[in-house]
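Here are some exercises to work through with the model open beside you. Try each task before reading its solution.

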Amino acid sequence: MHAHNAGQVALIRCRNCNIKRFFKPAELREVYGNVPIETLRGRMTCQMCRTSESIDAELLHLVGEESVSVRYRRLVGIKFVRVIWRDE
Ligand SMILES: [Zn+2]
């Protein structure tokens, strides 16, 4: 992780369910690629309501106490890989 990312967290929120989850930006990049955080709004799915329309995604800078007490949702592994074929 780069130094300028220190203390930066990704807040993913479902407006529908009012659920907040914190992710490590580096792990989101591993899953979704190096894309702006805003593009995750239509791509991540809420585990409660199973929709992506209500997802809000933003980067936060946590300082002091906040950065210590934040509980992350960590990447355990990538299970499903979608394989796409194309005829040439
Ligand atoms: Zn939801």
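**Exercise 1. Find the order of the strands in the sheet and say whether the pairing is parallel or antiparallel.**

Step 1. The three strands form an open sheet in the order 2-1-3, with antiparallel pairing. Strands here are DSSP runs of E with at least two residues, helices are runs of H or I with at least four, and both are numbered from the N terminus. Two strands pair if DSSP finds at least two bridges between them.

Step 2. Strand 2 and strand 3 are the edge strands, each pairing on one side only.

Step 3. On average, neighbouring strands of this sheet are turned by 25° against each other, direction ignored. For such angles, axes are lines fitted to C-alpha atoms (for helices over the stretch in contact), and angles run from 0 to 180 degrees between N-to-C directions.

Step 4. Helix 1 packs on the sheet and touches strand 1, strand 2 and strand 3, its direction making about 65° with that of strand 1. Two residues are in contact if their C-beta atoms, placed from the backbone, lie within 7 Å.

A word on the source: this is a predicted model, in which local features need pLDDT of at least 70 and side-chain atom pairs count only at pLDDT 80 or more, while totals for chains, interfaces and linings use all residues. Residues are numbered from 1 along each chain as its sequence is written.

**Exercise 2. Place the sheet in the whole protein: how many helices and strands are there, and in what order do the elements run?**

Step 1. The protein has two helices and three strands.

Step 2. Reading from the N terminus, the elements run β-β-α-β-α.

Step 3. The C-alpha trace spans about 55 × 35 × 20 Å along its principal axes.

Step 4. Of contacts between residues at least 6 apart in sequence, 58% join residues at least 24 apart.

**Exercise 3. Follow the bridges of strand 1 to its partners: how many join strand 1 to strand 3, and how many to strand 2?**

Step 1. Strand 1 (residues 8-14) is joined to strand 3 (residues 55-61) by seven bridges, and the two run antiparallel. Gln-8 has His-61 as its bridge partner in strand 3.

Step 2. Five bridges link strand 1 to strand 2 (residues 19-23), again in the antiparallel sense. Cys-14 is bridged to Ile-19 of strand 2, and Ala-10 to Phe-23 of strand 2.

**Exercise 4. Look for positive phi values: where do Asn-18 and Arg-50 lie, and are they buried or exposed?**

Step 1. Asn-18 lies in the loop between strand 1 and strand 2, a hairpin with four residues between the strands. Its phi is near 60°, a positive value in a residue other than glycine.

Step 2. Asn-18 counts as exposed because it has 9 C-beta neighbours inside 10 Å. A residue is exposed if 12 or fewer other C-beta atoms lie within 10 Å of its own, buried if 20 or more do, and partly exposed in between, with C-beta atoms placed from the backbone.

Step 3. Arg-50 also has a positive phi, of about 60°, although it is not a glycine. Arg-50 is in the loop between helix 1 (25-32) and strand 3, and it counts as exposed because it has 8 C-beta neighbours inside 10 Å.

**Exercise 5. Which residues make up the largest nonpolar core?**

Step 1. Of the 88 residues, 9% count as buried.

Step 2. The largest nonpolar core has seven residues: Ala-10, Ile-12, Phe-23, Leu-28, Leu-40, Met-44 and Ala-57. Such a core is a set of buried Ala, Val, Leu, Ile, Met, Phe, Trp, Tyr and Cys residues joined through C-beta atoms within 7 Å.

Step 3. Leaving aside neighbours within four places in sequence, Leu-40 is in contact with Ile-12, Leu-28, Tyr-32 and Ala-57.

**Exercise 6. What surrounds Asp-56, and which residues is it in contact with?**

Step 1. Asp-56 belongs to strand 3, and it is partly exposed because 14 other C-beta atoms lie within 10 Å.

Step 2. Beyond its neighbours within four places in sequence, Asp-56 is in contact with Arg-13, Arg-15 and Arg-41.

Step 3. Glu-38, in the loop between helix 1 and strand 3, is 18 residues from Asp-56 along the chain, with their C-alpha atoms separated by 7.9 Å.
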